[in-house]
Amino acid sequence: MADITHTTQANRARNADEHPVRRFFRATEIDTRLLGMVGALVIIWLGFQFLTSGLFLTPRNLWNLTVQTSSVAVMATGMVLIIVTRNIDLSVGSVLGFCGMIMGVLQAKILPQYLGLEHPAIWIVTLCCGVLVGAAIGALHGSIIAFLNVPAFIVTLGGLLVWRGATWFVTSGQTVAPMNTTFRLMGGGTEGSIGATASWVVGVLACLAIVGAILNSRKQRKRFGFPLRPVWAEYFLSVLGCALVLGAVSVANHYYWPANIARRYAEANAIAWPDGGLQIPHGIAIPVLMAIAVGIVMTFIATRLRFGRYVFAIGGNPEAADLAGIKTRWVTVKIFMLMGVLCAIAAAISTARLNAATNAQGELDELYTIAAAVIGGTSLAGGVGTIAGAMIGALVMQSLQSGMVLLGIDSPFQRIVVGVVLVVAVWLDTVYRARAK
């Protein structure tokens, strides 16, 4: 007992001498690396806000920014697990394009012949078929890598070429359009958003989930005897999380339908047109909700399931993981299958947003997906990475692209900027790992 009392007093004395900022981060357990990324995102936003004379941080641009980020963010969550295991997937853009073309042909040419035009089951069958195709492609890649011992770089580089060519052969290079009306909702737009009321409901539910997660974490810490965060830190994290969620909902609800669409809606529903116009909020876009749902599921898989622990164990030390009894080959196959499924979901979002399936769909998405994961803190050396970081990295990449478009910068220079950012991100990761050692 005396030893415990002495240790407690020593810890209190050490905490009292600790720098306030360091003590704050230790108490709240905020990931400083993730916070640094958020800080970089804020700087990018403020910089473009100044350079575009106030056009960047508007509800319209921020709403469009989140919609444009959704497909890459979905794929980036899977890329984290692949890079963590010291692999790479260069084929995600081509797989997205192939799955998108398959889904486009199904709903525009094949299914209407059997189910009729605009049948309510068309979008469900289409999405399920796309996911199965993506999973099969991922399983093929993973099996070649795991059981034939071909490096992932070579397999997925071949996949990049094969599936891009296969996309052309599906329709001999023709664009397929239009998409099913219900399917198009996954692309966002005026109809592909949930409105103000539903958005506030989602926001309140998210706040309750944040508070519930923090309370459950404290309960589990008590149960297993782990150190507890100070009560003020729990309150701070709860208030911060709820403020961010409600702020995002408020921004989404301040982006209103275009006047012409609102006028047609008013005429169709016999609504009197007011003098100042009819302001109908978009609310949260459906593809954004899909990306958030994928992020939550992938975080659960990576941090709460045995499969996720196996993934990080393999990335930390493949030989030790194999000796520990982990079936590393099957884990590799499952990771690439999961990546294929995520590519299919991203293809559904992209195809719905374009309202067409094209041969150029998904080009260079492999670059943006890998860059998002690396910028988000996933180490190319393996063993380190977070799903939330990858999604923020995707938002950083899209913010750079969106800002440069608003400034009228040509596409070739945009690619130069993306390439430079990727190299700098890897260099910073190398520096961070060297200092950590």
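This passage describes the internal spaces, cysteines and aromatic contacts of a predicted model.

Internal space was examined first. Rolling a probe the size of a water molecule over the atoms shows where empty space is left. The structure holds one cavity of 30 Å³ or more. The space in the largest cavity is about 40 Å³. Its lining comprises Asp 89, Ser 91, Val 95, Ile 137, Gly 138, His 141, Phe 336, Met 339, Gly 340 and Cys 343. Two helices, α6 (122-147) and α15 (328-354), each supply at least two of these residues. The most comes from α15, which gives four residues. By class, the lining of the largest cavity divides into five nonpolar, four polar and one charged residue.

The second largest pocket encloses about 690 Å³ of space. It is lined by 28 residues, and those closest to its centre are Arg 353, Asp 365, Tyr 368, Gln 398 and Gln 401. Elements giving two or more residues to this lining are α4 (59-84), α15, α16 (365-375), α17 (387-406) and α18 (411-436). Here α17 gives the most, with seven residues. The lining of the second largest pocket holds 10 nonpolar, 13 polar and five charged residues. Helix α15 thus appears in the lining of the largest cavity and in that of the second largest pocket.

Cysteines were considered next. A disulfide is a covalent bond between the sulfur atoms of two cysteines. The structure holds zero disulfides. Cys 207 and Cys 242 show why one such pair is left unbonded: the sulfur of Cys 207 is 3.6 Å from that of Cys 242, its closest cysteine sulfur, and this is too far for a bond. The cut-off for a disulfide is 2.5 Å. Seen from the other side, Cys 242 is in no disulfide, and its nearest cysteine sulfur is that of Cys 207. Cys 207 counts as buried because its relative accessibility is 9%. Cys 242 is buried too, with a relative accessible area of 15%. Buried means under 20% relative accessible area.

Aromatic contacts form the last group. The structure holds 10 aromatic pairs. In one of them, the rings of Trp 45 and Phe 56 have their centres 6.5 Å apart and their planes at 55°, so the pair is tilted. Trp 45 lies in helix α3 (residues 32-51), whereas Phe 56 lies in the loop between α3 and α4, with 11 residues separating them along the chain. The two partners differ in accessibility. Trp 45 is partly exposed, at 22% relative accessibility. Phe 56 is buried, at a relative accessible area of 0%.

Another tilted pair is formed by Trp 63 and Tyr 255, with 5.2 Å from centre to centre and 55° between the planes. This pair links distant parts of the chain, 192 residues apart. Trp 63 belongs to helix α4, and Tyr 255 to the loop between α10 (231-253) and α11 (259-268). Both Trp 63 and Tyr 255 are buried. Helix α4 also gives two or more residues to the lining of the second largest pocket.

Two further ring contacts complete the set. Phe 24, Trp 232 and Phe 236 form one aromatic cluster. A charged side chain meets a ring elsewhere: Arg 263 lies over the face of Trp 273, at 4.3 Å from the ring centre.

Notes: Residues are numbered from 1 along each chain as its sequence is written. This is a predicted model: local features need pLDDT of at least 70, side-chain atom pairs count only at pLDDT 80 or more; totals for chains, interfaces and linings use all residues. Side-chain values use heavy atoms; hydrogens and water are left out. On a 1 Å grid over the protein atoms alone, a cavity is a set of points where a 1.4 Å probe fits but cannot get out, and a pocket is an open set with protein on both sides within 12 Å along at least five of seven lines; lining residues have an atom within 4 Å of a point. Grid points are joined across faces, edges and corners, and a volume is the space filled by probe spheres set on the points. Ala, Val, Leu, Ile, Met, Phe, Trp, Tyr, Cys and Pro count as nonpolar, Asp, Glu, Lys and Arg as charged, and the others, Gly among them, as polar. Buried means under 20% relative accessible area, exposed over 50%, partly exposed in between (1.4 Å probe, protein chains only). Rings of Phe, Tyr and Trp (its six-membered ring) pair if their centres lie within 6.5 Å; planes under 30 degrees apart count as stacked, over 60 as edge-to-face and the rest as tilted. A charge sits over a ring if NZ of Lys or CZ of Arg is within 6 Å of the ring centre and within 35 degrees of the ring normal.
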